[in-house]
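Here is a quick walk through one chain, helix by helix, with a couple of stops at single residues. Have the model open while you read.

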Amino acid sequence: MRLILNDKLITDALRYMKVPPSSNTPELVRTITEAFEKLEGFITPRCVWGRFHISRFDDYIEIEGAMIKSKDIARLTARSDECFLLAATLGHEVDRQISLAQQKNMLDGLALDACASVLIDEFADEFTKHEIIPGLHEGEFLTSRFSPGYGDLSMNVTEDILAILNAQKRIGLSITRSLMMMPVKSISAIIGLFTR
């Protein structure tokens with residue numbers, strides 16, 4: 001993943017750190033910039049995805065046998081007969097480096113954690129743009145990406161997505177009993193597919 005640092009990435013990292021724009025300082029921007037530069041040295045981004053049929057019922061949708069009850073996903077996929085499932089990770093080394101940084105300096109650790117959160121979103125966006133969208137047929141379009149834990153989409157759905165994609169075997173991405181993804185800096189998502 002080739003990182004081109006810009007104001008949006010820095011602003012997003014500040015948001016993850018819960019720093020209001022009025023509290024931004026040149027020193028903080030430098031800390032964030034250095035964190036992004038460090039991350040480039042040890043991230044190993046990987047992604048797995050697939051295109052699946054959606055079955056629609058009164059109060060849930062079904063994807064590959066997984067029953068997903070969510071009004072938000074029902075709305076997102078209201079015009080979709082198919083969807084993409086996606087799971088992506090920055091790799092285990094990111095988690096280790098964040099932990100090490102937090103032990104040495106809490107601000108550096110916080111910045112590294114925030115920047116990694118920004119990067120996994122950025123990676124998923126770039127992957128979608130360069131790998132999924134070029135494979136669409138004429139007249140096919142994607143909805144926005146929607147992840148478990150947002151809106152009323154339960155974190156339990158992460159387990160279904162990872163199982164359907166065989167993510168543990170394919171990219172080493174798993175989920176704990178407490179529904180935390182391992183590596184931590186990972187995401188799973190549903191993207192609706194519709195035609196015009």
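What follows looks at helix packing first and then at two buried residues.

## Before we start

Keep in mind that this is a predicted model. Helix α5, residues 106–132, comes up again and again below.

## α1 against α5

Let's begin with α1, which covers residues 7–16. At its N-terminal end sits a cap from N6, with a side-chain oxygen 3.1 Å from the backbone nitrogen of K8. After the helix comes K18, and its phi is positive, near 60°. Within α1, the buried residues are L9, I10, D12, A13 and L14, and they pack against α2 and α5.

How do α1 and α5 cross? Their axes come within 8 Å, at an angle of roughly 125°, which makes α1 oblique to α5. The crossing is right-handed. On the α1 side, L9, D12, A13 and Y16 do the touching, and they meet A114, C115, S117, V118, D121 and E122 of α5. Sorted by class, that contact holds six nonpolar, one polar and three charged residues.

## α2 against α5

Next up is α2, residues 26–40. The axes of α2 and α5 come within 9 Å and cross at roughly 60°, so these two helices are oblique to each other. This crossing is right-handed. From α2, the contact takes in L28, T31, I32, A35, F36, K38 and L39; from α5, it takes in L107, D108, A111, L112, C115, A116, V118 and L119. The tally for α2 with α5 is twelve nonpolar, one polar and two charged residues.

C115 and V118 of α5 are worth clicking on: they appear in the contact with α2, and they appear in the contact with α1 too.

## α4 against α5

Now for α4, residues 92–104. Parallel or antiparallel to α5? The axes come within 6 Å and cross at roughly 155°, which makes α4 roughly antiparallel to α5. V94, Q97, I98, A101, Q102 and K104 line up on the α4 side, with M106, D108, G109, L112, D113 and A116 on the α5 side. By class, α4 with α5 gives six nonpolar, three polar and three charged residues.

Some α5 residues recur here as well: D108, L112 and A116 belong to the contact with α4 and also to the one with α2.

## A serine in a loop

Moving off the helices, find S70 in the loop between β4 (66–68) and α3 (71–76). Is S70 buried or exposed? Its relative accessibility is 5%, so S70 counts as buried.

Leaving aside residues up to four places away in sequence, S70 touches D59, D152 and L153. With D152 there is a side-chain to side-chain polar contact of 2.7 Å. For a sense of where S70 lies relative to α5, try F123: the two residues are 53 apart in sequence, and their C-alpha atoms are 26 Å apart.

## A threonine in α6

The last stop is T158, part of helix α6 (residues 156–165). T158 has a relative accessible area of 1%, so it is buried.

Which residues does T158 touch, not counting those up to four places away in sequence? They are P148, I175, M181 and S188.

Definitions and conventions:
Residues numbered from 1 in each chain as written. Predicted model: local features only at pLDDT ≥ 70, side-chain atom pairs only at ≥ 80, totals over all residues. Heavy atoms only, no water. Axes fitted to C-alpha atoms, helices over the stretch in contact; angles between N-to-C directions. Helix = DSSP H or I, 4+ residues; strand = E, 2+ residues; numbered from the N terminus. Parallel < 35°, antiparallel > 145°, perpendicular 65-115°, else oblique. Left-handed = near helix turned anticlockwise from the far one by under 90°. Contact = heavy atoms within 4.5 Å. Nonpolar A, V, L, I, M, F, W, Y, C, P; charged D, E, K, R; others polar. Buried < 20%, exposed > 50% of the residue type's maximum accessible area, 1.4 Å probe, protein only. Polar contact = N/O pair within 3.5 Å; in protein donor to acceptor, adjacent residues only side chain to side chain.
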